[in-house]
Amino acid sequence: MLKLEILPAGHGDCLWIEYGDKRKPRRILIDGGARGCYKRALARRFAGGPVELELLVVTHVDADHITGVLDLVADPKAGLKPKDVWFNGFRHLPDEKPDTLGPVQGERLTDALVGRKLPWNKAFDRKAVQTPTKGSLPKVTLADGLTLTLLSPSADKLAELRPEWEKECAKAGLDPAKRPAAAPRGSGGLLAARPALDVDALAGTRFEEDDSEANGSSIAFLLEFDGKSLLLAGDAHPGMLRTSLDKLRGKKKLKVTAAKLPHHGSKHNTSIELIEALDCKRYIFSSNGSHFDHPDPEAVARVVKAAKSPALLFNYKTEFNEGWANAALQKKWGYTAVFPDAGKDGLVEEY
Ligand SMILES: [Zn+2]
């Protein structure tokens, strides 16, 4: 059994994975979502006794990924018992100066990991979770043979985050959750006022890769269990992912059961090249559209165009994705759009 829950994480990510024996499943948690996600979707899972996690991953320091994990480690009632935590703190960024402060949230998590003596990057010998410059990608095996092949970040991507982390630190007291959006929020107009989705035009728009250092530092991996595989891409840069995927796939497309697309379906993180490296039928977009209006129609159109009869999975139904529900559009392009049941947020996938 391999089950993936794409929890309602606001504009962020929070993925709950269960695998192995259905009666006594093993668990992995990837990110904790934006503010409110912990209370909404995670707290009850940790109430009432220790909950063992095979692994807890904080892909990167951005608030829409780390906030729910900070709430989790701060909740005295939560029975958190991780066997390992993967998180790249300031000390893991190249050219470290020990004990230097970094962005508020990253430092808060660092304090919690150290203060509670939680295992930290154990699988990487307490060093950075990163891909090597040369040679094969790191592959970590968890209990019952589940494997994780690391795709991102590289040491270069982590190094790029370092000045950013220092800059954030200099602005003491800054709440990263309140950082202004990189792009202004859209008009939020009615769907009726939106232009029809022209897949060819949208997919064909010039691709400009995400230049956020924090996103580039995202931990991303290929999870494999029992013949099934999941690409879990955090907010990683597509060029980095493509480079790593190319190492795994040779000349063939890499077969994956489902792919959680990077950065909530941003047009700067979903490239045609990334989709073309995959033989995949299920593409996951995790976002409620707040703050950044994700997913971008350009990114969805690239999946529709470059993948073969894909299912598009949205963990919320919003004004930013409901246009893809159009039956004529689905028929024309041979894709399926999947949304949560009415009145519910989040999706559960069992493979
Ligand atoms: Zn994010």
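**Exercises on the zinc site and the nonpolar cores**

**Exercise 1.** In this predicted model, classify D64 as buried or exposed.

*Solution.* The relative accessibility of D64 is 8%. Buried means under 20% relative accessible area. D64 therefore counts as buried. The same cut-off applies to D235, which is buried with a relative accessible area of 1%.

**Exercise 2.** Identify the residues that coordinate the zinc ion, and locate them along the chain.

*Solution.* Begin with the donor atoms: D64 and D235 each contribute OD, while H65 and H264 each contribute NE2, at 2.1 Å. Next, read their spacing along the chain, which is D-H-x169-D-x28-H. Finally, place D64 and D235 in the fold: D64 belongs to helix 2 (residues 63-74), and D235 to the loop between strand 11 (228-232) and helix 7 (238-249). This pair, 171 residues apart, links distant parts of the chain.

**Exercise 3.** Explain why the arrangement around the zinc ion is irregular.

*Solution.* The 4 donor atoms subtend angles of 85 to 159 degrees. A tetrahedral assignment requires all angles to lie between 85 and 135 degrees. The range of 85 to 159 degrees makes the arrangement irregular.

**Exercise 4.** Describe the largest nonpolar core and the surroundings of L29.

*Solution.* The largest nonpolar core has 36 residues. Those with the most contacts inside it include W16, L29 and F87. Helix 1 (37-46), strand 4 (51-53), helix 2, helix 3 (104-115) and helix 4 (155-170) each give two or more residues to this core. Not counting residues up to four places away in sequence, L29 touches W16, L42, F46, L53 and L72, among others. Another core, of 35 residues, lies apart from the largest one and includes L137, A220, A233 and L274.

Notes: Residues are numbered from 1 along each chain as its sequence is written. This is a predicted model: local features need pLDDT of at least 70, side-chain atom pairs count only at pLDDT 80 or more; totals for chains, interfaces and linings use all residues. Side-chain values use heavy atoms; hydrogens and water are left out. Donors are N, O and S atoms within 2.8 Å of the metal (3.2 Å for Na, K and Ca); water is not among the atoms, so sites may look incomplete. Four donors count as tetrahedral if all angles lie between 85 and 135 degrees; four count as square planar and six as octahedral if opposite donors are over 155 degrees apart and all others between 65 and 115; anything else is irregular. Helices (H or I, at least four residues) and strands (E, at least two) are DSSP runs, numbered from the N terminus. Buried means under 20% relative accessible area, exposed over 50%, partly exposed in between (1.4 Å probe, protein chains only). A nonpolar core is a set of buried Ala, Val, Leu, Ile, Met, Phe, Trp, Tyr and Cys residues joined through side-chain atoms within 4.5 Å. Contact means heavy atoms within 4.5 Å.
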